[in-house]
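Student: I should like to learn how to read side-chain contacts and exposure in a model. Could we work through them step by step?

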Amino acid sequence: MYMGGVVLFTISFTYASVPLYRIFCQKTGFGGTVKAREDVMYEQKARPVSGKRMIQIKFNSDVSESLPWSFTPQHQSVNVVPGEACLAFYTAHNKTNKAIVGVSTYNVQPFQAALYFNKIQCFCFEEQMLHANEKIDMPVFFFIDPEIMNDRSLDNIDTIILSYTFFKVGDADAPDVAGLLVPAHPPRAGAGTAAHATA
């Protein structure tokens, strides 16, 4: 009974605070949220498992109606094996004559796969300032944890969808990401291209 009360209190406290809930999701992969970079054991996990099943990663993008940007993945999909580090890019374009700050959220489908989708670098929850008519490429560096092969509930999953949605900072429809935002700064330039990419 005591343990049940502790668990109930912990869950209630987590859900009562949006920032804490998002941190909880990043730690566990709950709700299709990818784990935070500091929780990724890249050195230990990012080792391609040759001869195993190939997984297709599809990229999706959306933009809030209040944000006058175009935002698209440079490739529709990539094929990776578990443990293989992959670099992909999204392109954002401010189509106005004034600077605008945007911020993105993300999720992974199916939700169960988020536990194994590890990001090494990405632009989510970072304020991105684009100047008038500016166009930038934003990298996503990730790998699929080889432990996915031991999850029997995902045996029939060969496609994972990574989705990003951009919002205008300060607008009513922007997500509550208090405590997680990184102040606006010029995005870091990426190099190279994604392996096994499908245009």
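**Exposure, charges and rings**

Tutor: Let us begin with exposure, bearing in mind that this model is predicted. D155 has a relative accessibility of 35%, so it counts as partly exposed, since that class lies between the 20% limit for buried and the 50% limit for exposed.

Student: Is R152 buried or exposed?

Tutor: R152 has a relative accessible area of 54% and is therefore exposed, as the cut-off for that class is over 50%.

Student: What do the side chains of D155 and R152 form?

Tutor: A salt bridge calls for a side-chain nitrogen of Lys or Arg within 4 Å of a carboxyl oxygen of Asp or Glu. D155 and R152 form a salt bridge, with an N to O distance of 2.8 Å. The count by this rule is one salt bridge.

Student: How many aromatic pairs does a search of the whole structure find?

Tutor: The search finds 12 aromatic pairs. In F71 and F123, the ring centres are 6.1 Å apart and the planes stand at 90 degrees, so this pair is edge-to-face; the class requires an angle over 60 degrees.

Student: Where do F71 and F123 lie?

Tutor: F71 belongs to strand β2 (residues 69-73), and F123 to the loop between β6 (117-121) and β7 (128-130), so the pair ties together parts that are 52 residues apart in sequence. Both F71 and F123 are buried.

Student: How should the rings of Y90 and F123 be read?

Tutor: Their centres are 5.8 Å apart and their planes lie at 70 degrees, so Y90 and F123 also make an edge-to-face pair. This pair links distant parts of the chain, 33 residues apart: Y90 is in strand β4 (residues 86-94) and F123 in the loop between β6 and β7. Y90 is buried, as is F123.

Student: Which residues form the aromatic cluster?

Tutor: One aromatic cluster is formed by F59, W69, F71, Y90, Y106, F117, F123, F142, Y164 and F166.

Student: What sits over the ring of Y106?

Tutor: The charged end of K119 sits over that ring, 3.7 Å from its centre.

Student: How far apart are N107 and Y164 in sequence and in space?

Tutor: N107 and Y164 are separated by 57 residues in sequence, and their C-alpha atoms are 6.9 Å apart in space. N107 is found in strand β5 (residues 100-109). With a relative accessible area of 25%, N107 is partly exposed.

How values were computed:
Residues are numbered from 1 along each chain as its sequence is written. This is a predicted model: local features need pLDDT of at least 70, side-chain atom pairs count only at pLDDT 80 or more; totals for chains, interfaces and linings use all residues. Side-chain values use heavy atoms; hydrogens and water are left out. Rings of Phe, Tyr and Trp (its six-membered ring) pair if their centres lie within 6.5 Å; planes under 30 degrees apart count as stacked, over 60 as edge-to-face and the rest as tilted. Helices (H or I, at least four residues) and strands (E, at least two) are DSSP runs, numbered from the N terminus. Buried means under 20% relative accessible area, exposed over 50%, partly exposed in between (1.4 Å probe, protein chains only). A charge sits over a ring if NZ of Lys or CZ of Arg is within 6 Å of the ring centre and within 35 degrees of the ring normal.
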